[in-house]
Amino acid sequence: MATIDITCPECSKKMKAADTVRGKTVKCKGCGSTFQVKPAAAATAKDSKSGAAKAPAKPAKTGAKSAAKEAEGAYGDFNPYAITSLDLTPRCPHCANELESAESVICLACGYNTLTRELGRTEKTIANGAGDYILWHLPAVACVLGVAGLAVLAWWYCTFMPDLVKDQWYEFLGHGGIRLWEVIMSIAIGFFLGKFAFKRIVLHFHPPEKVKN
């Protein structure tokens, strides 16, 4: 049973009594006078104001339940897996740098190709000089001269060959059928030579760059 401290208003004698005497009239053991003990509400208000009565501290709880509550109190509603922000900026899947747009194919930061899923390689090249251009276009010039030579040869063969082989055992070389086949063969060979010259001079005018080792 809880006890409380009471003081006699006449002789100021302090005594201990059961908590149940609050609001009742008691007799002082020292002077014999009687007085009424203050009710529980009034006593509680006075004790809380003066700081005389203090509530006993609760024993700390142990175990998994207590640890869980302590962790909950320490972190609150913190969730490390929660989405805090949403960024829809298009980024390179290789280096995570921003792309110019969602339709960009090549990452300007690392050279990654988003379509082929390959990483571009950086190579050091040597600038082409006059000698490189001469060597590159020399075969094309030769092809052009070859086409011109075939054209002249076909004209000469068709014009002068019949007279040169007349009354000779190889007179058949001036026959019209032979001359026709000579023209056809000249045109066929000239076509491939002209095609090569056109590609080299028009489509691929600059020689390929040389990789620096």
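This tour moves through a predicted model, from the whole chain to single residues.

**The whole chain**

Begin with the full chain in cartoon view, where the protein shows four helices and eight strands. Read from the N terminus on, these elements follow the order β-β-β-β-α-α-β-β-β-α-α-β. If you colour the 213 residues of the protein by accessibility, buried residues account for 16% of them. As for how the chain meets itself, of the contacts between residues at least 6 apart in sequence, 36% join residues at least 24 apart.

**The hairpin of β1 and β2**

Next select residues 3-7, which form strand β1, and display their side chains, which alternate along the strand. I4 and I6 point to one face and are buried, whereas T3, D5 and T7 point to the other face and are not buried.

Now add residues 14-18, strand β2, which pairs with β1 in the antiparallel sense over five bridges. Two of the facing positions can be picked out by name: D5 stands opposite K16 in β2, and T3 has A18 of β2 as its bridge partner. The two strands form a hairpin with six residues between them, and within that turn it is worth selecting S12, whose phi is positive at about 60°.

**N113 and R117, around β5 and β6**

Move along the chain to N113, which lies in strand β5. Is N113 buried or exposed? With a relative accessible area of 17%, N113 falls under the 20% cut-off and therefore counts as buried. Show its surroundings and, once the neighbours within four places in sequence are set aside, you will find N113 in contact with V105, I106 and E118.

From there select R117, in the loop that runs between β5 (112-113) and β6 (118-119). R117 is a residue other than glycine with a positive phi, near 60°. In contrast to the buried N113, R117 is exposed, its relative accessible area being 55%.

**The helix pair α3 and α4**

Now select residues 130-164, helix α3, together with residues 176-203, helix α4, and turn the view until both axes can be followed; these axes come within 8 Å and cross at roughly 165°. Because angles over 145 degrees count as roughly antiparallel, α3 is roughly antiparallel to α4. The crossing in which α3 passes α4 is left-handed. Which kinds of residue make up the contact of α3 with α4? Colouring by residue type, one finds that the residues of this contact divide into 19 nonpolar, five polar and three charged.

For a single position in this region, pick V183 in helix α4. V183 touches A154 and C158, when residues up to four places away in sequence are not counted. A distance drawn between the C-alpha atoms of V183 and C158 comes to 8.2 Å, although the two residues are 25 apart along the chain. V183 has a relative accessibility of 25%, and so counts as partly exposed.

Before leaving the helices, select D167, which is found in the loop between α3 and α4. D167 has a positive phi of about 65°, although it is not a glycine, and with a relative accessible area of 65% it is exposed.

**K210 in strand β8**

The last stop is strand β8, residues 210-211, where K210 has its place. Which residues does K210 contact, leaving aside its neighbours within four places in sequence? Displaying the surroundings of K210 brings up K124, T125, I126, N128 and D132. For one of these, K124, the separation along the chain is 86 residues, while the C-alpha atoms of K210 and K124 are separated by 8.5 Å. At 40% relative accessibility, K210 counts as partly exposed.

Technical notes: Residues numbered from 1 in each chain as written. Predicted model: local features only at pLDDT ≥ 70, side-chain atom pairs only at ≥ 80, totals over all residues. Heavy atoms only, no water. Buried < 20%, exposed > 50% of the residue type's maximum accessible area, 1.4 Å probe, protein only. Pairing = 2+ DSSP bridges. Axes fitted to C-alpha atoms, helices over the stretch in contact; angles between N-to-C directions. Parallel < 35°, antiparallel > 145°, perpendicular 65-115°, else oblique. Left-handed = near helix turned anticlockwise from the far one by under 90°. Nonpolar A, V, L, I, M, F, W, Y, C, P; charged D, E, K, R; others polar. Contact = heavy atoms within 4.5 Å.
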